[in-house]
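Let's read a protein model together, one question at a time. Take a look at the structure, and then we'll work through what its side chains are doing.

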Amino acid sequence: MAREKIVLGSQAVYDARTLGKPRMLILGLQHMFAMFGATVLVPIIVSNSYGLPLSVQTTLFFAGIGTLMFHACTRLKVPAFLGSSFAFLGGFQAVSKLDTGIYADMTGAEKLPYATGGIVAAGLLYLVVALLFKVVGPEKVMRFFPPIVTGPMIILIGLSLAGTAVTNASACWPLALLAIAVIVVANIWGKGMMKIIPILLGVAIPYVVALALGMVDLSAAGQDAVVGLPPFQVAKFDITAILVMAPIAIASMMEHIGDMSAISATCGTNFIANPGLHRTLLGDGVATALAGLFGGPANTTYGENTGVLALSRVYDPRVVRLAALYAVILSFSPKFATIINTIPTAIIGGVSFILYGMISAVGVRNIVEHQVDLTQSRNLIVAAVMFVCGLGFTDGITFTVGGATITLTALAIAALAGVILNAILPNREEATQEEQQVREILRNEESQES
């Protein structure tokens with residue numbers, strides 16, 4: 001049977017098999033590269049800054065396995081990749097500072113299993129909320145998450161990452177600008193395969209240039225084995241660590257809903273309704289609980305890969321599952337993990353310029369396509385408060401529960417503010433329509449009596 005001819009990048013592709021296996025493999029590689037930098041950054045921060053030896057290999061392994069489990073839970077319909085959640089960094093830091101009770105005189109290596117035990121509890125909390133969504137129904141639940149809430153939330157997801165992009169790019173602006181230029185040229189003027197792998201080209205070409213200029217140090221890779229098992233370790237459970245980690249799931253769930261809205265808007269498919277938000281939450285929770293159980297960080301849907309979807313316009317979940325398989329395979333290579341970590345931060349910053357901006361642009365499109373009326377004062381207030389919360393609370397809000405310090409991220413604060421304001425502020429437009437209907441009924445009754 002003749003394969004349908006597709007002009008790459010010019011129209012949406014929902015079945016990547018029409019592009020051929022070689023192109024599918026490369027597209028999967030692009031998704032893997034998109035998530036790699038941010039995913040491995042979490043264990044690097046936790047290890048270097050907090051003294052908890054979270055493994056890059058273990059993190060990669062459970063990013064891949066978690067993504068595959070997420071796809072199984074969502075009936076293979078949602079093109080989402082699950083990588084390390086930055087929302088739980090505050091939890092890792094809090095556990096690292098515990099020095100009373102059983103934590104007195106503990107090393108960072110001894111505290112890590114308790115931190116991941118708290119992550120297991122956070123994943124189980126996802127499952128409880130997913131059950132509530134299933135019982136109550138998505139229609140009633142999503143009344144609290146209309147476009148006036150999810151739109152600004154998507155915009156904030158991109159904008160909240162903007163500072164990281166600039167910081168990374170400032171390490172070497174020429175490399176960052178080269179990465180941006182390659183992506184723009186490939187996406188706008190590229191033809192064929194070049195047009196749908198701009199992110200991969202945006203990493204590869206500047207990296208080759210950096211190698212040629214002697215800006216990359218590969219000496220550390222020579223000391224690592226080519227093949228090696230990820231250092232798994234079984235979680236341990238303590239109420240203090242659970243109270244630190246589990247409540248963070250509330251914040252990450254808010255971000256999850258925003259990510260699902262972003263992916264739905266990007267792909268033109270309502271994944272919140274089908275396969276359902278309860279299934280996406282279930283997949284995220286199962287992936288997070290499994291990762292924590294064996295020494296990995298919490299997982300979450302990744303905005304970077306949503307940006308890849310928006311740029312490539314290839315929305316087939318099979319491509320994302322290929323990226324997950326790549327991550328699992330590469331998690332067994334310490335040498336490869338080290339080589340990937342030699343990618344200059346400036347290149348990651350340049351790529352992030354485009355990806356993070358695309359996420360925010362999708363949020364703007366979500367508001368426009370749903371014809372959100374911003375002439376209404378209530379809508380303006382909801383959006384305004386969300387923007388200030390999301391961009392203003394740079395350090396989040398920290399409070400104490402049971403002697404443990406808990407931090408809600410700025411995104412979580414913005415999401416909660418949006419949901420609460422949308423619920424309590426009256427919708428004058430709806431009220432006016434109801435009043436008009438009542439008047440019309442009264443007129444009809446009066447005319448019939450006369």
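Q: Is R365 buried, partly exposed or exposed in this predicted model?
A: Buried means under 20% relative accessible area, exposed means over 50%, and partly exposed lies in between (1.4 Å probe, protein chains only). R365 has 32% relative accessibility, so the class for R365 is partly exposed.

Q: Before we go on, what should you know about the numbering and the model?
A: Residues are numbered from 1 along each chain as its sequence is written, and side-chain values use heavy atoms, with hydrogens and water left out. This is a predicted model, where local features need pLDDT of at least 70, side-chain atom pairs count only at pLDDT 80 or more, and totals for chains, interfaces and linings use all residues.

Q: Which side chain meets R365 in a salt bridge?
A: A salt bridge here is a side-chain nitrogen of Lys or Arg within 4 Å of a carboxyl oxygen of Asp or Glu. Helices (H or I, at least four residues) and strands (E, at least two) are DSSP runs, numbered from the N terminus. The two partners are four residues apart in helix 16 (residues 345-369), so about one helical turn separates R365 and E369. At 3.6 Å from N to O, the partner of R365 is E369.

Q: Which residues do salt bridges with shared partners join into one network?
A: D15 forms a salt bridge with R17, with the closest N and O atoms 3.0 Å apart. D15 also meets R318, at 3.4 Å from N to O. That second pair links distant parts of the chain, since R318 sits in helix 14 and D15 in the segment before helix 1, 303 residues apart. The network joins D15, R17, D316 and R318.

Q: Why does the ring pair of Y14 and Y315 count as edge-to-face?
A: Rings of Phe, Tyr and Trp (its six-membered ring) pair if their centres lie within 6.5 Å; planes under 30 degrees apart count as stacked, over 60 as edge-to-face and the rest as tilted. By this rule there are eight aromatic pairs. The ring centres of Y14 and Y315 are 5.4 Å apart and their planes stand at 65 degrees, so the pair is edge-to-face.

Q: Which of these two rings is buried, Y14 or Y315?
A: Y14 has 46% relative accessibility, so Y14 counts as partly exposed. With a relative accessible area of 6%, the buried one is Y315.

Q: How many residues apart are F62 and F294 in the chain?
A: These two rings form a stacked pair, 6.4 Å centre to centre with 5 degrees between the planes. F62 lies in helix 2 (residues 56-73), and F294 in the loop between helix 12 (272-293) and strand 2 (299-301). The distance along the chain is 232 residues.

Q: Which residues touch the most other members of the largest nonpolar core?
A: A nonpolar core is a set of buried Ala, Val, Leu, Ile, Met, Phe, Trp, Tyr and Cys residues joined through side-chain atoms within 4.5 Å. The largest one has 111 residues, and its largest share, 10 residues, comes from helix 11 (residues 248-267). The members touching the most others are F88 and F92.

Q: How many of the eight residues of helix 3 are buried?
A: Helix 3 (residues 89-96) is largely enclosed by the rest of the structure. Its buried residues are L89, G91, F92, A94, V95 and S96. The number buried is six.
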